[in-house]
Amino acid sequence: MTQEQALYKYCLRMGDDALIHAYRLSEWCSNAPILEEDLALTNFALDMIGRAQAILDYAGKIDGKGKTSDDLAYRRKERDFYNHLIMELPNGDFAYTMARILFVSIFEYYFFSELSHSADTTLAAIAAKTVKEVKYHMAHATDWALRLGDGTDESNTRMQQAVDDLWAYTGELFETDDATAVLEDRNIAVDMGMIRAKWKTDVTRILTEAKLKIPADGYNQTGSGNGVHTEYLGHILSEMQYLQRAYPEAIW
Amino acid sequence: MATDSQLAMWEVFMQSKPGANYIHAGSVHASDKEMALQNARDTYTRRGEGTSIWVVPSNAIVASNPDDNEMFFDPANDKVYRIPTFYVMPEGAKAI
Amino acid sequence: MEVLEKKNEIQDNLLKNFEAKIDRGDAIEPRDKMPDAYRKHLIRQMSQHAHSEVIGMQPEGNWITRAPSLRARQILLAKIQDEGGHGLYLYSAAETLGISRREMIEQLHSGKAKYSNIFNYPALTWADIGAIGWLVDGAAIVNQVSLQRTSYGPYSRAMVRICKEESFHQRQGYEIMAKMMKGTKDQQEMARDAMNRWWWPSLMMFGPHDSESPHTGDAVKWKIKRSSNDELRQKFIDKTVQQAEVIGLTIPDKDLKWNEAKKCYDHGPINWEEFYRVISGNGPCNKQRMAHHVKVHNDGAWVREAAEAYRQKKEKKIFH
Ligand SMILES: [Fe+2]
Ligand SMILES: [Fe+2]
Ligand SMILES: [Fe+2]
C-alpha cells in the first residue's frame, strides 16, 4: 500500500464518520425534546458537515481524480464507505443519541488532539479546528449523561440501555489496519493504543458519576474498515444520494 | 402523567467583544446553569455575536415598577451641574 | 353605584394614559399597565407567530436528509435552525405577558392557538425548498419588517433580531430557484411546478382583504399591527414579480399586470374558499403537522422530567 492510498483511506474513514454522524444528528431537527436542544443538535450536525467537507475534499485531492467532497459523499457506493458502524446506527431515543455523542466525542477529542500534531499539515490544521468543536460536543453530552443517568428511574434505565447497546460498537473506533500502519510510520496517523486508554478512563469516570454501570467488554462489532456495514447505511445513502442519483446530469 | 415542564426561564446577556458591556440578548429555557449557558451559546452566538455570556434565572431579576417612574427618574432631570458643559471655563484654558 | 363609577373613571384614565403613550410612539414594556384586550391580542398574535416558526420547521425538515449537496445541507440546516430560534425568541417575548411556553404549547395542541396556514402545504420536491425560502420567507419578511415597529417592546426587539437573521433565508431560496431554472429540463420543470403551487398560498399568508379582516381596529390603533394585510401583500407582489422575471419564471396569475396609475401590480382573485378550508383543518398537512408536534412533545417529556429531577437532586445536595 502506497502512502497516497493509505492516506486516502484514512481520510475517507474520518470524513465518512463526520458525514454519517451528521446525517443522524440532522434527523433530530424538529424532533428534539425541547426547542433549545433542537438548536444544539443542529449546531453539532453543522460542525460535522463542515468537517466532512474539509476532509473529503482533501481525500479527493490525494486521490487525484478530480473528485470533490460532494462527489465522494453523493456518488460513492455503500461498500466504499468507511465510517465506523456506531455512526450509522439509528438515533433511537434521546438517551441513545446522547450516549453515542458521548462515546464518539471523547474518542474524537483525543484522536484530533493527537492528529493536530500530524506530520501532514493539512490534517493537522483540520484537526486543530475540530478539537475545539468536539470539546464542546463532549461537554454537552457529558452534562446530559449526568442528567439522564442520575435523573429519574426511567431516564436511568434508558441511558443504561443505550450505553449497553452501543458498547459493542465502541471497540471498532480504536482499530488499526494496513493504512494506519503505513501512516503511523511516517508520523501522520494517530497512535490508537494510547487514546484508547484515555477514552476508557474518561468514560468510566463519567458513567460512574452518572450512576451508570460500565458494561463488560465482550465481542466488538467490526467490519467498516473493509466497507462491511450494518443494513442501516444503505438506507442512509439511498436517501442522502437520491437527487444526485435520480438526476445525474443536474447541478444543485 | 406528571405535569409537563418546559424548564425554567433564564435571561441571557452577551458581550460582543472583550471589554464591551454585557447587553441583554434574550431568554432561554434550561433546568440548570450548565444547560442555561450552553443553550444561550447555541441560541445566541450562532453568528459569532459574542465572546462572553452571562445567564441569570429570570425570577432573580428585579425590575423597577413603571408606577414609580416619576419618583425614580424625574428628580435627576434638573441636576444639570452633573454635566460638564454646565461650567463656564476661563477663555484660553486648554485640555480641561 | 358610586364605586362603580369611580372604577370606570380609573379604567378610563389608565386607558387614556396607555393610548397617549402609544400615540407618542413610546414602546410598551412588560410591567407597564396595558388594557386586557391589548395583552390578549399580543398573546394570540405572538404565540401564533412562535408556533408558525416551529411548525414551519417541518416542511423544510422533510428535505434535510435529501439535500443534494453538502453546501445545500448546511444551508438548509442552518436555515431551519434559525426558524427554531425565531420560535424561541417569540415564545420568550410572549412569556413576558404572563403566559408560559407550556401553556402556549397546550393551546396549540388543543387547537385554541393557530399557526400560519402556509405550513399546511407539503414540500414535495427539492424545488419546494427554493420556493419556500424565496416566496414564503419572502412574504414573512415583508410582514416582519413592518412588525419591527410594533408597539410592544419585547415583540419589537424579537422582530429586529429575527429580521437580521431572515436576510439570508430568502436569498438561499431564490438561489435554489435560479440554479434550477438554469439547470436541466427536469430541474426547470420542478421549479415551475413549485412556483405554481406556492404562489397563491404565499399571497394568502397576509390574511384576508382589509375589507374582511376582523382585527384591524384595535390592533392598528394600538400599533400592534403597523400595516394592513393588503398593503403588505401588495409590497410582496411588487418586489417578487421582477425577481421571477430575472430567472425566467412565470407567476401563475393571468390577471397580473402593471397598473401605471397606481404604480403597482394588479393581481387576480385569491381563492379564499381554499384559504378558509385549510384554516379550518382540511389542508393537505394539518393533521400531519400537529401529530408530529404532539408526538415530539410527548416523546420528550421523560427527558425534561429527568433534567428537572437531576436539578432537584443537586439542589438538595447543596443545601444539606
Ligand atoms: Fe419563517
Ligand atoms: Fe423565521
Ligand atoms: Fe425564515
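1. Donors are N, O and S atoms within 2.8 Å of the metal, and water is not among the atoms, so sites may look incomplete. With that in mind, and remembering that this is a predicted model, the donors of the iron ion (ligand 3) follow the spacing E-x53-D-x28-E-x2-H along the chain. The coordinating atoms come from C:E83 (OE), C:D137 (OD), C:E166 (OE, listed twice) and C:H169 (ND1), at 1.9 to 2.4 Å.

2. The iron ion (ligand 3) has a neighbour in the iron ion (ligand 1), and the two are 3.5 Å apart. Among the residues that coordinate ligand 3, C:E83 belongs to helix 4 (residues 70-95) of chain C and C:E166 to helix 7 (residues 153-181) of chain C, so this pair ties together parts that are 83 residues apart in sequence.

3. Are these two glutamates buried or exposed? C:E83 has a relative accessible area of 5% and is therefore buried, and C:E166, with a relative accessible area of 2%, is buried as well; the cut-off behind both statements is a relative accessible area under 20%.

4. Helix 7 of chain C also packs against helix 8 (residues 185-204) of chain C, at an angle of about 135° and with the axes 7 Å apart, which makes helix 7 of chain C oblique to helix 8 of chain C. On the side of helix 7 of chain C the contact is made by C:M177, C:M180 and C:M181, while helix 8 of chain C contributes C:Q187, C:Q188, C:M190, C:A191, C:R192, C:A194 and C:M195. By character, the residues of this contact divide into seven nonpolar, two polar and one charged.

5. On cysteines, the structure holds zero disulfides over all chains. C:C285 is in no disulfide, and the nearest cysteine sulfur, that of A:C29, is 17 Å away, whereas a disulfide would need the two sulfur atoms within 2.5 Å. C:C285 counts as buried at 3% relative accessibility, and C:C163 counts as buried at 14%.

6. Two backbone angles deserve a look in the model. Most residues other than glycine have a negative phi. A:S30, although not a glycine, has a positive phi of about 70°; A:S30 lies in the loop between helix 1 (3-26) and helix 2 (35-63) of chain A and is buried, with a relative accessible area of 13%. C:K223 is likewise not a glycine and has a positive phi of about 55°, and C:K223 is found in the loop between helix 9 (216-221) and helix 10 (229-246) of chain C.

Definitions and conventions. Residues numbered from 1 in each chain as written. Chains lettered and ligands numbered in written order. Predicted model: local features only at pLDDT ≥ 70, side-chain atom pairs only at ≥ 80, totals over all residues. Heavy atoms only, no water. Donors = N, O, S within 2.8 Å, 3.2 Å for Na, K, Ca; no water. Helix = DSSP H or I, 4+ residues; strand = E, 2+ residues; numbered from the N terminus. Buried < 20%, exposed > 50% of the residue type's maximum accessible area, 1.4 Å probe, protein only. Axes fitted to C-alpha atoms, helices over the stretch in contact; angles between N-to-C directions. Parallel < 35°, antiparallel > 145°, perpendicular 65-115°, else oblique. Contact = heavy atoms within 4.5 Å. Nonpolar A, V, L, I, M, F, W, Y, C, P; charged D, E, K, R; others polar.
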